[in-house]
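Work through the two exercises below with the structure open. Each one follows a strand and its neighbours.

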Amino acid sequence: MKKHKIAIMGFGTVGGGTYDILTQNRDHIRSTQGVDIEVKYVLDRSAESLEKRGADKSLFCSDVDALAADKEVELVVETMGGVEPAKTFITKMLRAGKSVVTANKELLAKSWSELEPIAKENGCGLFFEASCVGGVPIVRALGESFQGDKVQSIYGIINGTTNYILSKMSAEGVSYSQALAQAQALGFAEANPTSDVEGYDAAYKLSILGSLAFHTSLPYQSIYREGITRVTAADIVNAKRLGYEIKLLAIGKRCGNDIEARVHPVFVEKNHPLASVSGAFNAVYLHGDFVGDLMFYGAGAGAHPTGSAIVSDIVKALCGKPTYCDFDNNGKLDKSVNLVGDFLSGYYICVTVDDKAGVLSRISTILSDNGVSIKAATQVPSDGNAATVVFLTHPSREHSVMRSLESIGKLASVRNIDSVIRVL
Ligand code: HSE
């Protein structure tokens with residue numbers, strides 16, 4: 001059996017997890033897949049990362065050009081993360097005719113359209129199952145399992161950090177900052193959590209998954225994005241009282257020829273399968289026109305779940321021909337497709353008002369004038385002569401709701417618009 005030599009660039013959590021699987025399951029992969037995979041090099045800043053993991057220190061390599069020049073190395077795994085130097089290194093490997101397996105969603109979302117032609121020109125593959133939803137095989141499923149279907153929608157909990165924070169807030173009644181601090185202490189959130197909590201990470205993944213699902217480039221910059229930093233403990237209490245959980249959802253939806261693409265917190269009804277996805281777990285709820293509803297669930301991050309996705313890509317790359325996108329992967333939304341900004345959604349609106357006659361009626365008049373229909377309204381007295389009023393609306397147009405809020409905010413008797421969260 002031919003021995004396939006590969007290299008790993010970046011030996012942090014995911015690179016190390018990949019190495020564990022390749023070494024511990026080498027015989028299993030050999031006997032079931034008919035490929036023998038040997039790690040020839042680990043490229044990193046120092047050999048310390050190999051030592052820490054108990055990996056063979058003789059694999060250490062710090063010279064990316066020497067690695068690219070080694071003809072024996074067929075494939076390179078990139079688990080460095082971030083845009084640079086990962087992009088330069090991947091480009092070198094592809095130009096040297098080596099297939100690349102990457103877990104790098106940010107790089108892919110930003111540079112897929114540049115990297116794929118380089119892979120094509122050099123007859124090698126660019127594989128990225130691990131870039132989205134860790135160990136959950138959603139990239140493979142979207143690329144290979146729905147040829148007969150039009151995927152109509154994807155609703156994803158595709159960021160574990162924010163799901164962990166929102167689950168903590170829901171289970172323990174703590175504030176956003178308390179939940180974030182706990183997540184950081186336990187290693188679920190980065191010291192700088194911006195990419196996760198502001199929804200960038202989910203937008204990168206939605207850009208990749210949406211492109212595959214809808215067969216068109218879905219640039220991450222065009223995705224509407226709102227993070228979870230403004231979700232309050234009171235919102236969680238209100239959501240629960242009304243029968244919902246709050247989740248950060250990545251939503252991709254076909255609307256005729258057009259597409260909705262957005263990442264923001266959402267009220268999800270408690271009996272919806274996505275409401276029970278808690279902690280750092282991820283899930284993608286997908287609807288195909290013929291297959292119906294499907295849900296993919298599992299660990300969206302971590303050394304071994306993500307390593308598992310990487311190893312499956314390595315085996316796929318070594319056993320078959322590379323495949324490329326079935327759409328014009330040029331990084332731009334097709335001219336014939338519009339991104340829907342004025343989408344339909346239910347809304348949760350929480351406002352603090354003067355507790356006096358006529359206030360509710362003025363607010364409901366504004367909503368009604370803008371075609372926004374109220375589904376439920378509750379008033380909770382708060383301190384002094386103020387009251388908190390919570391509205392749920394029937395599905396309404398985004399622009400109509402935003403117009404209404406602008407007018408509501410100007411009413412003298414409205415002290416504050418505390419929260420606005422869309423309802424699934
Ligand atoms: N920061 C990501 C998350 C890790 O929280 O899901 C996997 O991309």
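The model is predicted.

**Exercise 1.** Find the residue of β15 that stands opposite Q379, then work out how strand β15 is packed.

*Solution.*
1. Start at the pair. Q379 stands opposite V389 in β15.
2. Widen the view to the strands. β14 (residues 374–381) and β15 run antiparallel and are joined by 7 bridges.
3. Look at the link. The β14–β15 hairpin has 4 residues between its strands, and G384 in the turn has a positive phi of about 60°.
4. Add the other partner. Strand β13 (residues 344–354) is also antiparallel to β15, with 7 bridges. Here A386 of β15 is the bridge partner of D354.
5. Sort the side chains. In a regular strand they alternate between the two faces of the sheet. One side of β15 carries A386, T388, V390 and L392; the other carries A387, V389, F391 and T393. All of these are buried, so both faces are covered.
6. Conclude. Buried means under 20% relative accessible area. With 8 of its 8 residues (386–393) buried, β15 is therefore largely enclosed by the rest of the structure.

**Exercise 2.** Which strands pair with β4, and in which sense?

*Solution.*
1. Take β1 (residues 3–9). It pairs with β4 in the parallel sense over 5 bridges. I8 stands opposite V77 in β4.
2. Take β5 (residues 99–102). It pairs with β4 over 4 bridges, again parallel. E78 stands opposite T102 in β5.
3. Trace the connection. From β4 the chain passes through helix α5 (residues 86–95) to β5, a right-handed β-α-β crossover.
4. Check burial. In β4 (residues 73–78), 5 of the 6 residues are buried, so this strand is largely enclosed by the rest of the structure.

Note on methods
Residues are numbered from 1 along each chain as its sequence is written. This is a predicted model: local features need pLDDT of at least 70, side-chain atom pairs count only at pLDDT 80 or more; totals for chains, interfaces and linings use all residues. Side-chain values use heavy atoms; hydrogens and water are left out. Buried means under 20% relative accessible area, exposed over 50%, partly exposed in between (1.4 Å probe, protein chains only). Helices (H or I, at least four residues) and strands (E, at least two) are DSSP runs, numbered from the N terminus. Two strands pair if DSSP finds at least two bridges between them. A crossover is right-handed if, with the strands pointing away from the viewer, the path from the first strand over the helix to the second runs clockwise.
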